[in-house]
Amino acid sequence: MNNEELLNIKDLKVYFPIRKGIFLQTVGYIKAVDGVDLQIKSGENLSVVGESGSGKTTLGKTIVGLIKPTGGKVAYNYNGKSFELFRSVPINVRQSVQMIFQDPFSSLNPRLKIVDTLKEALEIRKMFRTKREMIDYLGTLLEKVGLKREYLYRYPHEFSGGQRQRISIVRAISVKPKFIVLDEPTSSLDVSVQAQVINLLKELQRELNLTYFFITHNVAIAKYIGQKIAVMYLGKIVEINDSENLINSPFHPYTRLLLSAVVEPKIEHEKEIKVGGEPPSPVNVPSGCRFHTRCPFAMKICEEVEPDLVEYGGAFVACHLYSKERTKQIEKS
Ligand code: SF4
């Protein structure tokens, strides 16, 4: 792993057992993440888009070490050394990766004043010699995200959703992370504050030299934040490309349908993307290409053979329309 490479994900699988009966026998698995390969370079933000249930959140939680993988590997590079974050790792490595969740209220303890929530992580790390230095630092961070210093002494219920998400952002950046996974951080906010929070995140990313793994339903936000976009379907990445190219010339039929479902992409309208028809259950993943039950271009091979993620036209695409064999066939005919 070179120093530029921050994250190397190889054949990552996360299966959740379905248990039934009085002895809770395992009767099947929810295949939330099912063979994901991804590389993220330092400073290169990646946005992940897909419908609900595509496995985006599970992927994000597994990356930060909240979920242990069933198979494969997530290697995180910290100063040239590789770590798996679901294992025990040094506190400075652990804190260099943060996650910001969709619902800022559930991620703040309602019984603690903001200062008490924020200082926990700093105290573990012993980042300050005196309490006064720490309070001053937290006050400065609150101001950086557009809040007042005195808010440190208030409780979460005294804030609006947008303010609470700003506080969650302060908590994440206070430990000076390198990498942040953001799971639809604006989707529970009022339309009027979504764009403000997105702009704040963008500014902080530049100023603090952060790398984002940004999970979103919103293609406009995905493009605004990420240099690259990965499209996820039923636990797999089906296409990755530079944001501009992915939006202007999508290859995978699912990416095309996903983009056509967005009439006019706007940052301040974080709505769930809907493609025609229901996605199959991750318990019974279709054979071959898992999109074949909804794909308007499905061929015989699609029902039988799972397409690999291959390089095509500057993108990586998992679709038989772009596999080498298929390209040769088309060239011959
Ligand atoms: Fe459609 Fe076949 Fe491509 Fe899957 S592999 S997206 S079914 S054309």
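In the predicted model, E143 is placed in helix α4. With a relative accessible area of 43%, E143 falls between the cut-offs of 20% and 50%, so E143 counts as partly exposed. Residue V170 is 27 residues away from E143 along the chain, and the C-alpha atoms of the two residues are separated by 9.7 Å.

Helix α4 comprises residues 131–144, and the axes of α4 and α5 come within 10 Å of each other. The two axes cross at roughly 130 degrees. This angle is too wide for the roughly perpendicular class, which ends at 115 degrees, and does not reach the roughly antiparallel class, which starts over 145 degrees; α4 and α5 are therefore oblique to each other. The crossing of these two helices is right-handed.

Helix α5 also packs with two further helices, α3 and α6. In general, a packed pair of helices is described by two quantities, the angle between the axes and the distance between them. For α3 (residues 114–125) and α5 (residues 161–174), the angle is about 20 degrees and the axes are 9 Å apart. Because angles under 35 degrees count as roughly parallel, α3 and α5 are placed in that class. Their crossing is right-handed.

The pair formed by α5 and α6, the latter spanning residues 191–208, has axes that come within 10 Å and cross at roughly 15 degrees. That angle makes α5 roughly parallel to α6. Here too the crossing is right-handed.

Within helix α3 lies D116. The relative accessibility of D116 is 26%, which means that this residue counts as partly exposed. D116 and Y155 are 39 residues apart in sequence, and the distance between their C-alpha atoms is 9.7 Å.

Two residues in strands were examined in the same way. F213 is found in strand β8, which runs over residues 211–216. Its relative accessible area is 0%, so F213 is buried. From F213 to K178 the separation is 35 residues in sequence and 11 Å in space, C-alpha to C-alpha. L6, in turn, has its place in strand β1. At 2% relative accessibility, L6 counts as buried, because the cut-off for a buried residue is under 20%. L6 and L141 are 135 residues apart along the sequence, with 26 Å between their C-alpha atoms.

The backbone angle phi was then considered in two loops. Most residues other than glycine have a negative phi. L24, which is not a glycine, has a positive phi, near 50 degrees. This residue lies in the loop between β1 (5–20) and β2 (25–41). N79 likewise has a positive phi near 50 degrees and is a residue other than glycine. The position of N79 is in the loop between β4 (71–78) and β5 (81–83). The relative accessible area of N79 is 62%, and the cut-off for an exposed residue is over 50%, so N79 is exposed.

The last part of the model to be described is the surroundings of the ligand. The ligand is surrounded by H252, P253, C289, F291, H292, C295, F297, A298, C302, C319, H320 and L321. By residue type, this shell divides into nine nonpolar residues, three polar residues and no charged residues. Cysteine is counted among the nonpolar types in this division, and the cysteines around the ligand include C295 and C319.

Both of these cysteines were assessed for accessibility. C295 has a relative accessibility of 17%, so C295 counts as buried. C319 has a relative accessible area of 8% and is therefore buried as well. The structure holds zero disulfides, which means that no pair of cysteine sulfur atoms lies within 2.5 Å.

How values were computed:
Residues numbered from 1 in each chain as written. Predicted model: local features only at pLDDT ≥ 70, side-chain atom pairs only at ≥ 80, totals over all residues. Heavy atoms only, no water. Buried < 20%, exposed > 50% of the residue type's maximum accessible area, 1.4 Å probe, protein only. Near = heavy atom within 4 Å. Axes fitted to C-alpha atoms, helices over the stretch in contact; angles between N-to-C directions. Helix = DSSP H or I, 4+ residues; strand = E, 2+ residues; numbered from the N terminus. Parallel < 35°, antiparallel > 145°, perpendicular 65-115°, else oblique. Left-handed = near helix turned anticlockwise from the far one by under 90°.
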